[in-house]
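Q: I am new to this structure and would like a close look at one part of it. Could you take me through its sheet and one residue there, step by step?

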Amino acid sequence: MRRLALVLSLLAAPALGQGLIPKVQGDVTLASALAQPGLIVDGVSTWAVDWDRAAPMDLLVQTVYASALGGNATDLEYRIVTPSPAGPILGAPFALPGNGIKEVYDHPQGALLVQFQYRSGDPRCCPSGLVNTILNRGVP
């Protein structure tokens, strides 16, 4: 899988002409593949992205993990996943600067992500800011 490069965008909103990629939640097969010792897969969200410009369509995956020991802390993990008949092929996890993905748009360089961002004074439940990130396919 190609190395991912992140570019922070100063845009306030996605540029016109970029198509919104619908979010899909709750893929049980994918949740099973993402299982990790000591963690509970609390949620899986996916967006169809043409990451390698080859069939089948790849997935940008956001996984929410909770501790199996209890508590209310969660961790977010991001990956590019390629579906295959033998099961999902998981790319390496990578970090993003925001606090969860709100929307994903097609972008010539890969995908434009609109992410939640905590601002000073925001309660833990509710980030009120947004940050845009271009998830770049990288140079082949």
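A: **The sheet and Gln 62**

Five strands, in the order β3-β4-β5-β6-β7, make up an open sheet with antiparallel pairing. Its edge strands, β3 (23–25) and β7 (89–90), each pair on one side only. Strands here are DSSP runs (E, at least two residues) numbered from the N terminus, and two of them pair if DSSP finds at least two bridges between them.

A word on the model: it is predicted, so local features need pLDDT of at least 70 and side-chain atom pairs count only at pLDDT 80 or more, while totals for chains, interfaces and linings use all residues. Residues are numbered from 1 along each chain as its sequence is written, and side-chain values use heavy atoms, leaving out hydrogens and water.

Now look at β5 (residues 58–67) and β6 (residues 74–82), which pair in the antiparallel sense over 8 bridges. Tyr 65 stands opposite Asp 75 in β6.

Gln 62 sits in strand β5. Gln 62 counts as buried because its relative accessibility is 6% (buried means under 20% relative accessible area, with a 1.4 Å probe and protein chains only). Its side chain joins that of Tyr 78 through a polar contact of 3.5 Å (a pair of N or O atoms within 3.5 Å; within protein, one must be able to donate a hydrogen and the other to accept it, and residues adjacent in sequence count only if both atoms are side-chain atoms). A polar atom of the Gln 62 side chain also lies 2.7 Å from the backbone nitrogen of Ile 101. Leaving aside residues up to four places away in sequence, Gln 62 touches residues including Trp 47, Leu 76 and Gly 100 (contact means heavy atoms within 4.5 Å).

Notes:
Helix = DSSP H or I, 4+ residues; strand = E, 2+ residues; numbered from the N terminus. Buried < 20%, exposed > 50% of the residue type's maximum accessible area, 1.4 Å probe, protein only.
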